[in-house]
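User: I'd like to go through the labels on this model and see what backs each one. Can you walk me through the reasoning?

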Amino acid sequence: MELIVNQVTYKCGHAYAAYEVDHRKEHFAELVDSAKHFLCPDCCRAEFKLLELNCQAYANLQQMSPDMSAFIIEVTKVISPLSDILLLNDYQQRAPSLDELTPGGEPLDLPHAVWRKEFWFANNTNPMHVVMLMEHVKQEIDWLASYMPSGKSAAHFGQFVEI
């Protein structure tokens with residue numbers, strides 16, 4: 001097992017504690033590295049608490065078409081700098097999804113728009129690849145939770161945003 005050790009210094013000057021990541025956690029390391037030009041998770045959490053923003057992340061499975069499905073992540077009540085970090089990591093602003101069959105609508109139509117990211121796969125994809133994709137989503141949710149005032153309790157699996 002190859003170990004990767006990173007020392008990241010954020011825009012706020014705080015250093016992300018050195019951590020070891022094996023090859024199965026490379027996505028988490030990539031996400032941390034992508035945010036190094038912004039405030040650290042601790043500073044973001046402090047700002048969200050000051051503004052009384054209760055950020056939440058929701059991970060779900062949706063049917064996108066008869067042949068395709070996607071794991072989706074939707075993040076609520078986000079402001080800059082986290083919104084800038086999400087944009088950098090392929091999130092888009094949309095109306096929240098209603099359920100497994102009804103993806104979110106047009107952006108900015110609703111005052112409670114979410115930041116959304118989709119991880120598509122064919123319904124006949126090898127189950128092992130789907131499990132690997134699920135691990136990818138879990139790493140992303142863990143990373144997002146580090147920015148949220150409630151931490152991991154702000155991460156929800158199999159639930160949709162309450163409108």
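**Labels and their reasons**

Analyst: Let's start with R45, which counts as partly exposed because its relative accessibility is 22%, and partly exposed is the range between under 20% and over 50%. Keep in mind that this is a predicted model.

User: What makes the link between R45 and D42 a salt bridge?

Analyst: The closest N and O atoms of R45 and D42 are 2.1 Å apart. The cut-off is 4 Å between a side-chain nitrogen of Lys or Arg and a carboxyl oxygen of Asp or Glu, so the pair qualifies. R45 and D42 both lie in helix α2 (residues 41–50), three residues apart, or about one turn of the helix.

User: Which residue forms a salt bridge with D142, and why does the pair count?

Analyst: K138 is the partner, with 3.3 Å between the closest N and O atoms. That is within 4 Å, so the label holds. Both residues sit in helix α4, four residues apart, again about one turn.

User: Why are D142 and K138 called partly exposed?

Analyst: D142 has a relative accessible area of 21% and K138 comes in at 36%. The class runs between under 20% for buried and over 50% for exposed, so both values fall inside it.

User: How do you know whether R116 is buried or exposed?

Analyst: R116 has 2% relative accessibility, and buried means under 20%, so R116 is buried. R116 forms a salt bridge with E118, the closest N and O atoms being 2.8 Å apart. E118 is partly exposed, because its 28% lies between the two cut-offs. Together with E74 and R94, these two residues are linked in a network of salt bridges. The structure holds eight salt bridges.

User: Why is S97 put in the class it has?

Analyst: The relative accessible area of S97 is 0%, and buried means under 20%, so S97 is buried. Its place is in the loop between β5 (92–94) and β6 (114–122).

User: What makes the S97 pairs with Q62 and E74 polar contacts?

Analyst: The side chains of S97 and Q62 make their contact at 3.0 Å, and the side chains of S97 and E74 at 2.8 Å. Polar contacts need a pair of N or O atoms within 3.5 Å, so both distances pass. Leaving aside neighbours within four places in sequence, S97 is also in contact with others, including I72, R116 and F160.

User: And L101, why is that residue called exposed?

Analyst: L101 has 59% relative accessibility, and exposed means over 50%, so the label fits. L101 is placed in the loop between β5 and β6. L101 and Q62 are 39 residues apart in sequence, yet 5.9 Å apart in space, C-alpha to C-alpha.

User: How do you know which class M128 belongs to?

Analyst: At 53%, M128 is over 50%, so M128 counts as exposed. M128 lies in helix α4 (residues 127–145), and with V131, M132 and M134 makes a nonpolar surface patch of about 420 Å².

User: What is the confidence like along the chain?

Analyst: The mean pLDDT is 87, with 88% of the residues at 70 or more. Confidence is lowest in strand β1 (residues 3–9), at a mean of 59, and highest in strand β4 (residues 68–76), at 97.

Note on methods:
Residues are numbered from 1 along each chain as its sequence is written. This is a predicted model: local features need pLDDT of at least 70, side-chain atom pairs count only at pLDDT 80 or more; totals for chains, interfaces and linings use all residues. Side-chain values use heavy atoms; hydrogens and water are left out. Helices (H or I, at least four residues) and strands (E, at least two) are DSSP runs, numbered from the N terminus. Buried means under 20% relative accessible area, exposed over 50%, partly exposed in between (1.4 Å probe, protein chains only). A polar contact is a pair of N or O atoms within 3.5 Å; within protein, one must be able to donate a hydrogen and the other to accept it, and residues adjacent in sequence count only if both atoms are side-chain atoms. Contact means heavy atoms within 4.5 Å. pLDDT is the predictor's confidence in each residue, from 0 to 100. Patches are made of residues with over 30% relative accessible area and no salt bridge: like charges are joined within 9 Å, nonpolar side chains (Val, Leu, Ile, Met, Phe, Trp, Tyr) within 5 Å. Accessible areas come from the Shrake-Rupley method with a 1.4 Å probe; for residues, only the protein chains shown count as cover.
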